[in-house]
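Let's walk through this structure together, from its sheet to its helices and then to a few single residues. Keep the view open as you read.

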Amino acid sequence: MTTRSEEHATLVIERRLKAPVARVFRAWSTPEAKRQWFACHGEWTPLEYRLDFRPGGTERNHVADTDGLLHAYDAHYIDIVPDARIIYAYEMKLGETRISTSLATVVFEAEPAGTRMVFTEQVVFLDGYADNGARLQGTEIGLDNLELFLEREASPIH
């Protein structure tokens, strides 16, 4: 029998990006762009990706790690204010086991040098799953990838 438990955590990551708000928001909102940066493990095998970016829309990113284990991200978009805010809920599974559920908010603010972006995630780790900081680390890697994507996109040579 599985022992049921819940461990709550809040992650807040702030980034100052050298790109205008509209371009940063577009990197989150278009499937072609988001697919290029929304990964924290480049060596994992993509299995399925789709993005329906609208309130009530969904996003799915399923990958297999180097051992073949499924890592499944399934999100539901709740609130979207273009160039200002994205709010979504998502669950993560390892294989068939749900390890967490989250509410995430991404806020975009224009600054003279580009965009201030604040990512806040309220996460519940489920049934004894020991995260040990992996969610924060993976999210930071993903946001590093977003920064690199925006830099490549701005470069005259891709």
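Before we look at how the helices pack, one term needs fixing: two parts are in contact when they have heavy atoms within 4.5 Å of each other. Helices (H or I, at least four residues) and strands (E, at least two) are DSSP runs, numbered from the N terminus. What you see is a predicted model, in which local features need pLDDT of at least 70 and side-chain atom pairs count only at pLDDT 80 or more, while totals for chains, interfaces and linings use all residues. Residues are numbered from 1 along each chain as its sequence is written, and side-chain values use heavy atoms, with hydrogens and water left out.

Start with the sheet. Seven strands make up an open sheet, and reading across it gives the order β1-β7-β6-β5-β4-β3-β2, with antiparallel pairing. Its edges are β1 (6-17) and β2 (45-51), each of which pairs on one side only. On average, neighbouring strands of this sheet are turned by 15 degrees against each other, direction ignored. Two strands are said to pair if DSSP finds at least two bridges between them. In general, strands of a sheet pair through backbone hydrogen bonds, either parallel or antiparallel.

Now follow some of these pairings. At one edge, β1 runs antiparallel to β7 (residues 114-126), and 12 bridges join the two. You can find Glu7 standing opposite Phe125 in β7. Elsewhere in the sheet, β4 and β5 are antiparallel and joined by 10 bridges, with Val81 having Arg85 in β5 as its bridge partner. These two strands form a hairpin with three residues between them, and Asp83 in the turn has a positive phi of about 60 degrees. Next, β5 pairs with β6 over 10 bridges, again in the antiparallel sense; here Tyr88 has Ala104 in β6 as its bridge partner. This hairpin has two residues between its strands, and Gly95 in the turn has a positive phi of about 60 degrees.

Two helices lie across the sheet strands. For their directions, axes are lines fitted to C-alpha atoms, for helices over the stretch in contact, and angles run from 0 to 180 degrees between N-to-C directions. Helix α1 (residues 21-29) lies across β1, β2, β4 (70-81), β5 (85-94), β6 (97-111) and β7, and runs at about 160 degrees to β6. Helix α3 (residues 134-154) lies across β1, β5, β6 and β7, and runs at about 20 degrees to β1.

How open are individual residues to the surroundings? We call a residue buried under 20% relative accessible area, exposed over 50%, and partly exposed in between (1.4 Å probe, protein chains only). Arg135 sits in helix α3 and counts as buried because its relative accessibility is 10%. Beyond residues up to four places away in sequence, Arg135 touches Leu11, Tyr90, Met92, Ile99, Ser100, Ser102, Glu121, Val123 and Phe125. Arg152 also lies in helix α3, but with a relative accessible area of 43% Arg152 is partly exposed. The C-alpha atoms of Arg152 and Leu126 are 37 Å apart, with the two positions 26 residues apart along the chain.

Which residue of helix α2 (residues 31-37) should you look at? Try Lys34, which is found there. Lys34 is buried because its relative accessibility is 0%. The side chains of Lys34 and Glu59 are joined by a polar contact of 2.9 Å; such a contact is a pair of N or O atoms within 3.5 Å, where within protein one must be able to donate a hydrogen and the other to accept it, and residues adjacent in sequence count only if both atoms are side-chain atoms. Leaving aside neighbours within four places in sequence, Lys34 is in contact with Ala27, Trp28, Tyr49, Leu51, Glu59 and Tyr77.

Thr105 takes us back to strand β6. At 22% relative accessibility, Thr105 counts as partly exposed. Thr105 touches Arg85, Ile86, Ile87, Val118, Phe119 and Thr120, not counting residues up to four places away in sequence.

Finish in the loop between β7 and α3, where you will find Asp127 and Asn132. Most residues other than glycine have a negative phi. Phi of Asp127, however, is positive, near 50 degrees, and phi of Asn132 is likewise positive, near 50 degrees. Asp127 is partly exposed, with a relative accessible area of 28%, whereas Asn132 counts as exposed at 75%.
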